[in-house]
Amino acid sequence: MPHVRSADGTPISCDRLSTHGPAVVLVGGGLDDGAENHPLGAHLADHFAVVNYQRRGRGDSGDAPSYSVGREVEDLAAVIDTAGGHAHLFGASSGGALALEAAAAGLPVDRVAVHEVPYQVEAPMISAWHTYRRELESALDADDRDLVLRLFMRLAGSSEDDIAGAEASPVWSALRELAPTLRYDAECLGDGPPPVHRLGLVRQPVLLTTTVGIDPQMAGLPVDFFGGAADAAADALPDARRVTLEVGGHVADAEALARVLRRFFTE
């Protein structure tokens, strides 16, 4: 894939799926190297100039010795620049938190759509988030990537059987490569609840989507966890709208999500 250079010199890998129409940049979530958004990009490619990029530390993109959310915002600025100077954004999961941070920072963003950003809104989950962040830092400092992944899956509502099954699967080795970037996703989500002040700075129209039900591997999460998070974020945004997709799964059905995004991005 071609690369762009972020402000700190880090190469960021970009996959242009199409070159005609308004630009749409896809922002991946936790433990994603861009692959999860690719089917969605394919469904949008007939109407938009889609760029699906790999966030720093993932896939073919580079990294730096130290991290800040500001650097990831600079990465996104470089991607938007190569996409034509302004773009719509779609962010999945924690990538949605990054997309909203980019809009709050004043990047040349037209509209923002986010899907199931895992903000914490209930006291037990906020407490669990703070514990996760402490344990995550300790595990990463010890370079115990298996523990890092287990901690993440437990926070996300996976059972011990689910975790054991994942460890025994071929995909575990690929997840271990991405494990250090969970620190980056944690930074994007901050203290856990929606960052009311930052969201108040977002002047663009924002679409927040969720799905019905919950992913079976997230069965341990509270009922309507993502719906509650989206509602709380919408309350803090100056121009927000909510849509619930009649499909299940945290990684939304690409065709169903693309239909909603096409309408939103062309309003």
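**Note on the predicted model: sheet, helix packing and cores**

1. Strands β3 and β4 run parallel and are joined by four bridges, and within this pair Ala 23 is placed opposite Ala 49 of β4. The model under discussion is a predicted one, and the points below should be read with that in mind.

2. The pair belongs to an open sheet of eight strands, whose order is β1-β2-β4-β3-β5-β6-β7-β8 and whose pairing is mixed. At its edges lie β1 (3-5) and β8 (240-245), each of which pairs on one side only. Averaged over the sheet, and with direction ignored, neighbouring strands are turned by 25° against each other.

3. At the β1 end, β1 and β2 run antiparallel and are joined by three bridges, with His 3 standing opposite Ser 13 in β2. The two strands form a hairpin with five residues between them, and in the turn Gly 9 has a positive phi of about 90°.

4. On its other side β2 (residues 11-16) pairs with β4, again in the antiparallel sense and over three bridges. Two residue pairs help to locate this register in the model: Cys 14 stands opposite Tyr 53 in β4, and Asp 15 has Asn 52 of β4 as its bridge partner.

5. How many of the five residues of β4 are buried? Five of the five are, so the strand is largely enclosed by the rest of the structure. In a regular strand the side chains alternate between the two faces of the sheet. For β4, the cover extends to both faces, with Ala 49, Val 51 and Tyr 53 buried on one side and Val 50 and Asn 52 buried on the other.

6. Strand β3 (residues 23-27) also pairs with β5 (residues 87-92), in the parallel sense and over four bridges, and here Val 25 stands opposite Leu 89 in β5. Helix α3 packs on the sheet, where it touches β3, β4 (49-53), β5, β6 (109-115) and β7 (206-211), and its direction makes about 145° with that of β5.

7. The largest nonpolar core comprises 63 residues, of which Val 25, Tyr 53, Leu 76 and Tyr 119 touch the most other members; the element that gives the most to this core is α3, with seven residues. Leaving aside residues up to four places away in sequence, Val 25 touches Val 51, Tyr 53, Leu 76, Val 79, Ile 80, Ala 83, Ala 87, His 88, Leu 89 and Phe 90. Another core, of 19 residues, lies apart from the 63-residue one, and among its members are Val 50, Leu 207, Leu 257 and Ala 258.

8. Two packed helices are described by the angle between their axes and the distance between the axes. For α2 (residues 69-82) and α3 (residues 94-104) the angle is about 80° and the axes are 10 Å apart, which makes α2 roughly perpendicular to α3. Val 69, Glu 72, Val 73 and Leu 76 make the contact from α2, and Leu 98, Glu 101 and Ala 102 make it from α3; these residues divide into five nonpolar, no polar and two charged.

9. Helix α8 (residues 182-189) is mostly covered, six of its eight residues being buried, namely Leu 182, Tyr 184, Asp 185, Ala 186, Cys 188 and Leu 189. The buried residues of α8 pack against α2, α3, α4 (123-141), α5 (145-155) and α7 (172-178). Gly 190, which follows the helix, has a positive phi, near 65°.

10. Within α8, is Tyr 184 buried or exposed? Because its relative accessible area is 8%, Tyr 184 counts as buried. Not counting residues up to four places away in sequence, Tyr 184 touches Arg 55, Arg 56, Asp 63, Tyr 67 and Glu 72, and of these Glu 72 also takes part in the contact of α2 with α3. The C-alpha atom of Tyr 184 is separated by 9.9 Å from that of Leu 98, although the two residues are 86 apart along the chain.

Notes: Residues are numbered from 1 along each chain as its sequence is written. This is a predicted model: local features need pLDDT of at least 70, side-chain atom pairs count only at pLDDT 80 or more; totals for chains, interfaces and linings use all residues. Side-chain values use heavy atoms; hydrogens and water are left out. Axes are lines fitted to C-alpha atoms, for helices over the stretch in contact, and angles run from 0 to 180 degrees between N-to-C directions. Angles under 35 degrees count as roughly parallel, over 145 as roughly antiparallel, 65 to 115 as roughly perpendicular and the rest as oblique. Contact means heavy atoms within 4.5 Å. Ala, Val, Leu, Ile, Met, Phe, Trp, Tyr, Cys and Pro count as nonpolar, Asp, Glu, Lys and Arg as charged, and the others, Gly among them, as polar. Two strands pair if DSSP finds at least two bridges between them. A nonpolar core is a set of buried Ala, Val, Leu, Ile, Met, Phe, Trp, Tyr and Cys residues joined through side-chain atoms within 4.5 Å. Buried means under 20% relative accessible area, exposed over 50%, partly exposed in between (1.4 Å probe, protein chains only).
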